Amino acid sequence: MMNNPYLENMVANANPVRLVIMLYEKAINCLENALEIEDTEDFDMQKSKYEEMGRALEIISVLDAVLDMEKGGEIAKNLREIYRSLTDELTYQMLKEDKERLEKVIKILKNLKSAWEEVERIHYGKAQKVAPGV
């Protein structure tokens with residue numbers, strides 16, 4: 001359960017496309033946080049980095065799980081392939097860190113988020129801004 005009334009209200013009143021965009025925002029935010037954590041021997045810092053990456057993995061798994069393969073057709077099939085590729089890449093990142101590859105994952109997620117924002121603009125008439133860190 002969320003502890004942020006503003007965020008709870010945002011989620012409760014969001015259209016389905018906005019909810020997907022919010023998930024992308026959170027995954028991107030988690031990966032950017034992980035990217036900012038310097039490689040170190042500090043156990044707590046490494047733990048934080050892996051927790052951020054784990055959250056992003058969970059979000060991508062949710063995005064994959066909610067795909068409607070019947071209604072979504074080719075788009076859903078392509079998204080499933082992308083999500084599974086991103087899952088494989090993030091799992092690899094947890095074993096062998098490569099900032100450049102992690103930056104590519106973030107870029108892919110940002111591009112997907114932009115595409116969903118365009119869908120929202122077309123279907124709902126406007127794109128909403130998500131609060132930072134959501």
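Is Glu32 buried, partly exposed or exposed? I looked this up first: Glu32 is partly exposed, because its relative accessible area is 28%. My cut-offs are under 20% relative accessible area for buried, over 50% for exposed and partly exposed in between, with a 1.4 Å probe and protein chains only.

**Ground rules**

I am working on a predicted model, where local features need pLDDT of at least 70 and side-chain atom pairs count only at pLDDT 80 or more, while totals for chains, interfaces and linings use all residues. Residues are numbered from 1 along each chain as its sequence is written, and side-chain values use heavy atoms, with hydrogens and water left out.

**Entry 1: the overall layout**

I listed the elements and found 5 helices and 0 strands in the protein chain. Read from the N terminus, they run α-α-α-α-α. For me, helices (H or I, at least four residues) and strands (E, at least two) are DSSP runs, numbered from the N terminus.

I then looked up burial, and 35% of the 134 residues of the protein chain count as buried. The chain exposes about 8,600 Å², and carbon and sulfur atoms supply 54% of that area. Those areas come from the Shrake-Rupley method with a 1.4 Å probe; for residues, only the protein chains shown count as cover.

I also checked contacts (heavy atoms within 4.5 Å). Among those between residues at least 6 apart in sequence, 65% join residues at least 24 apart.

**Entry 2: helix α5**

I went to α5 next, residues 99–124. This helix has 26 residues and reaches 36 Å from its first C-alpha to its last, close to the 38 Å expected at 1.5 Å a residue. The expected span is 1.5 Å times one less than the number of residues.

At the start of α5, I found a side-chain oxygen of Asp98 within 3.1 Å of the backbone nitrogen of Glu100. After α5 comes Gly125, with a positive phi near 85°.

The buried residues of α5 are Leu102, Val105, Ile106, Leu109, Leu112, Lys113 and Glu120. They pack against α2 (16–36), α3 (43–65) and α4 (69–95).

**Entry 3: helix α3**

I compared α3 with its expected span too: its 23 residues reach 32 Å from first C-alpha to last, close to the expected 33 Å. Its buried residues, among them Gln46, Lys49, Glu52 and Asp64, pack against α2, α4 and α5.

**Entry 4: the core**

I asked which residues have the most contacts inside the largest nonpolar core. They are Tyr24, Leu31, Tyr83, Leu90 and Leu109, in a core of 25 residues. α2, α3, α4 and α5 each supply at least two residues of this core, and α2 gives the most, with 8 residues. By nonpolar core I mean a set of buried Ala, Val, Leu, Ile, Met, Phe, Trp, Tyr and Cys residues joined through side-chain atoms within 4.5 Å.

I followed Leu31 further. Leaving aside neighbours within four places in sequence, Leu31 is in contact with Met53, Ala56, Leu90, Leu102, Val105, Ile106 and Leu109.

Ala34 was my next stop, in helix α2. Ala34 counts as buried because its relative accessibility is 1%. Not counting residues up to four places away in sequence, Ala34 touches Lys49, Glu52 and Met53. Ala34 and Lys99 are 65 residues apart in sequence, yet 9.6 Å apart in space, C-alpha to C-alpha.

**Entry 5: salt bridges**

Side chains of opposite charge can pair when their charged atoms come close. I count a salt bridge when a side-chain nitrogen of Lys or Arg is within 4 Å of a carboxyl oxygen of Asp or Glu. The count comes to 11 salt bridges.

One of them joins the side chains of Glu120 and Arg18 (2.6 Å, N to O). Glu120 lies in α5 and Arg18 in α2, so this pair ties together parts 102 residues apart in sequence. Both partners came up as buried: Glu120 has 0% relative accessibility, and Arg18 has 2%.

Back to Glu32: Lys110 forms a salt bridge with Glu32, the closest N and O atoms being 2.9 Å apart. Lys110 is in α5 and Glu32 in α2, so the pair links parts 78 residues apart in sequence. Lys110 is partly exposed, at 37% relative accessible area.

Within α5, I noted a salt bridge between the side chains of Lys113 and Glu117 (2.8 Å, N to O). Being 4 residues apart, they are separated by about one helical turn. Lys113 counts as buried at 12% relative accessibility, whereas Glu117 is partly exposed at 22%. My last lookup showed Glu25, Lys113 and Glu117 linked in a network of salt bridges.

Methods:
A polar contact is a pair of N or O atoms within 3.5 Å; within protein, one must be able to donate a hydrogen and the other to accept it, and residues adjacent in sequence count only if both atoms are side-chain atoms.
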